[in-house]
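Me: I am new to this structure and would like a close look at a single part of it. Please take one residue in a strand and work outwards from there.

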Amino acid sequence: MPAVNLGLPSAGVATSLMDGSSVSSEQADLAKLHHLEMEAIHNGTVASVHSWELVTAVDGPGTRLTLFLSGCLLRCQYCHNPDTWKMKDGLLTTLDDLVARVKRYKGVFDSTGGGLTISGGEPLMQPAFVTRLFEECHKLGVHTTLDTSGFLGKSAPDKLLDNLDLVLLDVKSGLPETYKEVTGRELAPTIAFGDRLSERNIPVWARFVLVPGLTDAVDNVDAVAEIVSRWPNVERVEVLPFHQMGEDKWDRLNIPYPLHGSNPPDEALLERVRGQFAARGLTVF
């Protein structure tokens with residue numbers, strides 16, 4: 001799978017432009033290639049892919065092929081995959097290649113009740129590709145799951161939702177100001193997408209990352225629980241304890257890591273937060 005390279009080299013034969021400047025023939029060719037690549041991503045025949053893995057009981061039911069797409073607009077302080085933020089850093093991969101990979105594991109999916117999960121980054125950065133891949137999965141009888149923050153829920157067409165069996169919806173905080181502190185973005189689009197999923201009765205597993213000193217305030221957790229409890233299609237809430245396994249990636253990318261030295265939640269805090277969700281009648285993991 002060739003890497004997406006959006007940079008333009010400085011070497012090559014120069015071609016004069018109308019404004020008197022010049023561009024090398026190599027630059028012109030690569031600019032044309034970049035345009036074609038972006039057009040293909042837009043129509044969903046290719047995607048910028050970070051990686052994939054085969055996992056069990058992590059990203060949905062059964063054994064899953066989890067596909068991590070590149071590109072994300074959020075900048076979560078606890079992100080453990082900052083190397084997925086930029087689409088240009090992914091690998092350009094065709095729809096046909098990934099459908100073939102899904103077919104390869106169909107026997108495993110059938111025997112375990114598993115399927116395909118598309119994660120990221122943020123998969124709704126590439127909605128046309130997600131739509132087409134989920135449609136192909138349903139033709140094969142393969143269960144589909146979308147792992148998303150919901151921030152770009154408006155970009156998900158109805159056809160994508162028509163071929164969607166489960167959503168792992170990351171509700172990163174319940175108070176708008178805390179959500180902005182955690183992600184750099186607004187909370188409202190996530191709620192709007194959750195409402196849309198609820199209207200269509202698409203099953204949701206809500207996820208909440210518990211970070212001491214950042215997301216653990218009683219009123220913030222209560223606000224998350226209030227939001228999630230309004231959606232009758234939520235089958236479970238997963239309280240995910242913060243960990244430091246992503247810090248090395250921030251360091252390798254020379255990005256200042258805002259949670260250096262932060263500790264994971266202890267058992268008492270986990271139980272308190274799980275209890276807040278359970279008090280709303282939610283099934284908690």
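Reply: A residue is called buried when its relative accessible area is under 20%, exposed when over 50%, and partly exposed in between, with a 1.4 Å probe and protein chains only. Thr-145 has 0% relative accessibility and therefore counts as buried. This is a predicted model, in which local features need pLDDT of at least 70 and side-chain atom pairs count only at pLDDT 80 or more, while totals for chains, interfaces and linings use all residues. Residues are numbered from 1 along each chain as its sequence is written, and side-chain values use heavy atoms, with hydrogens and water left out.

Thr-145 belongs to strand E7, residues 143–148. Strands (E, at least two residues) and helices (H or I, at least four) are DSSP runs, numbered from the N terminus. Of the 6 residues of E7, 5 are buried, and the strand is mostly covered. Setting aside neighbours within four places in sequence, Thr-145 has contacts (heavy atoms within 4.5 Å) with residues including Asp-59, Arg-64, Leu-116, Phe-134 and Leu-166.

Another of these contacts is Thr-117, and Thr-117 stands opposite Thr-145 in E7. Strands E6 and E7 run parallel and are joined by 4 bridges; two strands pair if DSSP finds at least two bridges between them.

The wider setting is an open sheet of 8 strands in the order E5-E3-E4-E6-E7-E8-E9-E10, with mixed pairing. Its edge strands are E5 (91–94) and E10, each of which pairs on one side only. On average, neighbouring strands in this sheet are turned by 30° against each other, direction ignored; the axes behind such angles are lines fitted to C-alpha atoms, for helices over the stretch in contact, and angles run from 0 to 180 degrees between N-to-C directions. Helix H2 (residues 95–104) packs on the sheet, where it touches E3, E4, E5 and E6, and its direction makes about 70° with that of E5. Further along, E8 (residues 166–170) and E9 run parallel and are joined by 4 bridges. Val-167 has Val-204 as its bridge partner in E9.

Phe-134, in contact with Thr-145, is one of the buried residues of helix H4, which also include Phe-129, Val-130 and Leu-133. H4 covers residues 127–140, and its 14 residues reach 20 Å from first C-alpha to last, close to the 20 Å expected at 1.5 Å a residue. That expected span is 1.5 Å times one less than the number of residues. After H4 comes Gly-141, with a positive phi near 75°.

Leu-116, also in contact with Thr-145, and Leu-133 are among the residues that touch the most other members of the largest nonpolar core, which has 68 residues. Such a core is a set of buried Ala, Val, Leu, Ile, Met, Phe, Trp, Tyr and Cys residues joined through side-chain atoms within 4.5 Å. In soluble globular proteins, nonpolar side chains tend to be buried together.

Phe-277 is also among those core residues, and it is one of the buried residues of helix H10, together with Leu-269, Leu-270, Val-273 and Gln-276. These cover an arc of only 125° around the axis, by the directions from the helix axis to the C-beta atoms, which puts them on the same side of H10. They pack against strand E9 (204–210), helix H8 (218–229) and strand E10 (234–241).
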